[in-house]
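Biologist: I keep meeting labels in structural notes and would like to see the reasoning behind them. Could we go through one model together, label by label?

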Amino acid sequence: MKKFTTTLLMLMLTLQLFAQGEGSAIADTLAGSEKIYVVVTCVAIILIGLLAFLFSIERRLKKLEKKS
Amino acid sequence: MYKSWWKILGAVLVMYSTIAGFLASVPPLPILHQSIRNLYFHVPMWFAMIVLFTISVIQSIKYLSSSNQINDSKAVQSVNAGIIFGILGLVTGAVWARFTWGQAWSFDVKQNFAAIAMLLYFAYLILRNAIDEEQKRAKISAIYNIFAFPMMVVLLFVLPRLSDSLHPGNGGNPGFNAYDLDSRMRMVFYPACLGWILIGYWIYTILFRVSALEKNK
């Protein structure tokens, strides 16, 4: 187990090393193609936000159902 | 509140505006390019938020004249729903700014004041949690809400116009409608606004109904 966690930590270290290159690649993709992916990102954010809200309502309703 | 025709209308309008928002043609623009399509998603978030906060302030005024607890819980639930849309508007605005203005948060006046307007409403919710007695809480928060609403309007629509801003419609920049919101875009933009306002109202009614059930238990 210890070995496993060490390996994982080492992997995370390397991930951090790669992060900068990856990040700019993502930024390049978003800025390319006439910036249509910016719109896709925003629509995805809106959907994630509303779905998260849906889950919070679900949790409140579950509590109510347990009580009744 | 319990009829479903306007919920279906809202769903259809949002569906239409999403599909047409991606597929309909837009005028060729420098810097923005295709990201002008964000107009159909980012701006309606703010419209929905403003409508929900308007409902909230109306309910607060009603509470002060009637002292009915239902008005108070309507006021707080519409703020809860409005804050969701405000946060979505801020985040989508930051993403859009990252690729058109160069930075996600460039401390532009519009961004700063929008964030402060959000904080005003966070303060409303925190103020409510701080007061235990139900009637006192309702009365104080209703009065706070009546003050917060005009502050929010001033922060979003008056102050950014008085100084330099990158945001369209502020700091001497013309709004989108001045030069590039042509008739094709209007055909998508207005239904998008109405649709998202209806969805926002729907979310508010759901929150209100759940909280009413929670109170009855």
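Modeller: Gladly! Helices here are DSSP runs of H or I with at least four residues, numbered from the N terminus. By that naming, B:Ile116 lies in helix H4 of chain B. Please keep in mind that this is a predicted model.

Biologist: What makes B:Ile116 count as partly exposed?

Modeller: A residue is buried with 20 or more other C-beta atoms within 10 Å, exposed with 12 or fewer, and partly exposed in between. B:Ile116 has 14 C-beta neighbours inside 10 Å, so it counts as partly exposed. Its C-alpha atom is separated by 35 Å from that of B:Ser4, 112 residues apart along the chain.

Biologist: Why is B:Phe107 called exposed, then?

Modeller: The count for B:Phe107 is 8 C-beta neighbours inside 10 Å, so this residue is exposed under the cut-off of 12 or fewer. B:Phe107 lies in the loop between H3 and helix H4 (109–130) of chain B.

Biologist: What is noteworthy about phi at B:Phe107?

Modeller: Phi there is positive, about 55°, although B:Phe107 is not a glycine. Most residues other than glycine have a negative phi. B:Ser67 is another case, with phi near 55°. B:Ser67 lies in the loop between H2 and H3 of chain B. With 13 other C-beta atoms within 10 Å, B:Ser67 is partly exposed.

Biologist: That loop sits between two helices. How do you know that H2(B) and H3(B) are roughly antiparallel?

Modeller: Two packed helices are described by the angle between their axes and the distance between the axes. For H2(B) and H3(B), the angle is about 160° and the axes are 8 Å apart. Angles over 145 degrees count as roughly antiparallel, and therefore this pair gets that label. The crossing of H2(B) and H3(B) is left-handed. Their contact has 15 nonpolar, 12 polar and three charged residues.

Biologist: Why are H2(B) and H7(B) called oblique?

Modeller: H2(B) and H7(B) also have axes 8 Å apart, but the angle is about 45°. Angles under 35 degrees would be roughly parallel and 65 to 115 roughly perpendicular, so 45° falls outside both and the pair is oblique. H2(B) passes H7(B) in a right-handed crossing. Among the residues making this contact are B:Ala48 and B:Leu52 of H2(B), and B:Trp196 and B:Tyr204 of H7(B). By class, the contact of H2(B) with H7(B) has 16 nonpolar residues, one polar and no charged.

Biologist: Which residues touch the most other members of the largest nonpolar core?

Modeller: They are B:Ala48, B:Met49, B:Leu52, B:Phe53, B:Trp196 and B:Tyr204, in a core of 59 residues. Helix H2 (36–67) of chain A supplies at least two residues of this core, as do several helices of chain B, including helix H1 (5–23) and helix H5 (134–162). Leaving aside neighbours within four places in sequence, B:Tyr204 is in contact with B:Leu52, B:Ile55, B:Gln77, B:Ser78 and B:Ala81.

Biologist: Let us turn to chain A. How many helices and strands are there in chain A?

Modeller: Chain A has two helices and zero strands. Of its 68 residues, 9% count as buried.

Biologist: How many residues of each chain are in contact across the two chains?

Modeller: There are 21 residues of chain B in contact with 19 residues of chain A. H3(B) gives the most to the side of chain B that touches chain A, with eight residues. That side divides into 12 nonpolar, six polar and three charged residues.

Biologist: What makes H2(A) roughly parallel to H7(B)?

Modeller: Their axes come within 10 Å and cross at roughly 20°. That is under 35 degrees, so H2(A) counts as roughly parallel to H7(B). H2(A) passes H7(B) in a left-handed crossing. The contact of H2(A) with H7(B) has eight nonpolar, no polar and two charged residues.

Biologist: Is A:Leu64 buried, exposed or partly exposed?

Modeller: A:Leu64 has 13 C-beta neighbours inside 10 Å, so it counts as partly exposed. A:Leu64 is in helix H2 of chain A. Not counting residues up to four places away in sequence, A:Leu64 touches B:Leu213, B:Glu214 and B:Lys217.

Notes: Residues are numbered from 1 along each chain as its sequence is written. Chains are lettered from A and ligands numbered from 1 in the order in which they are written. This is a predicted model: local features need pLDDT of at least 70, side-chain atom pairs count only at pLDDT 80 or more; totals for chains, interfaces and linings use all residues. Two residues are in contact if their C-beta atoms, placed from the backbone, lie within 7 Å. Ala, Val, Leu, Ile, Met, Phe, Trp, Tyr, Cys and Pro count as nonpolar, Asp, Glu, Lys and Arg as charged, and the others, Gly among them, as polar. Axes are lines fitted to C-alpha atoms, for helices over the stretch in contact, and angles run from 0 to 180 degrees between N-to-C directions. A crossing is left-handed if the near helix is turned anticlockwise from the far one by less than a right angle, and right-handed if clockwise. A nonpolar core is a set of buried Ala, Val, Leu, Ile, Met, Phe, Trp, Tyr and Cys residues joined through C-beta atoms within 7 Å.
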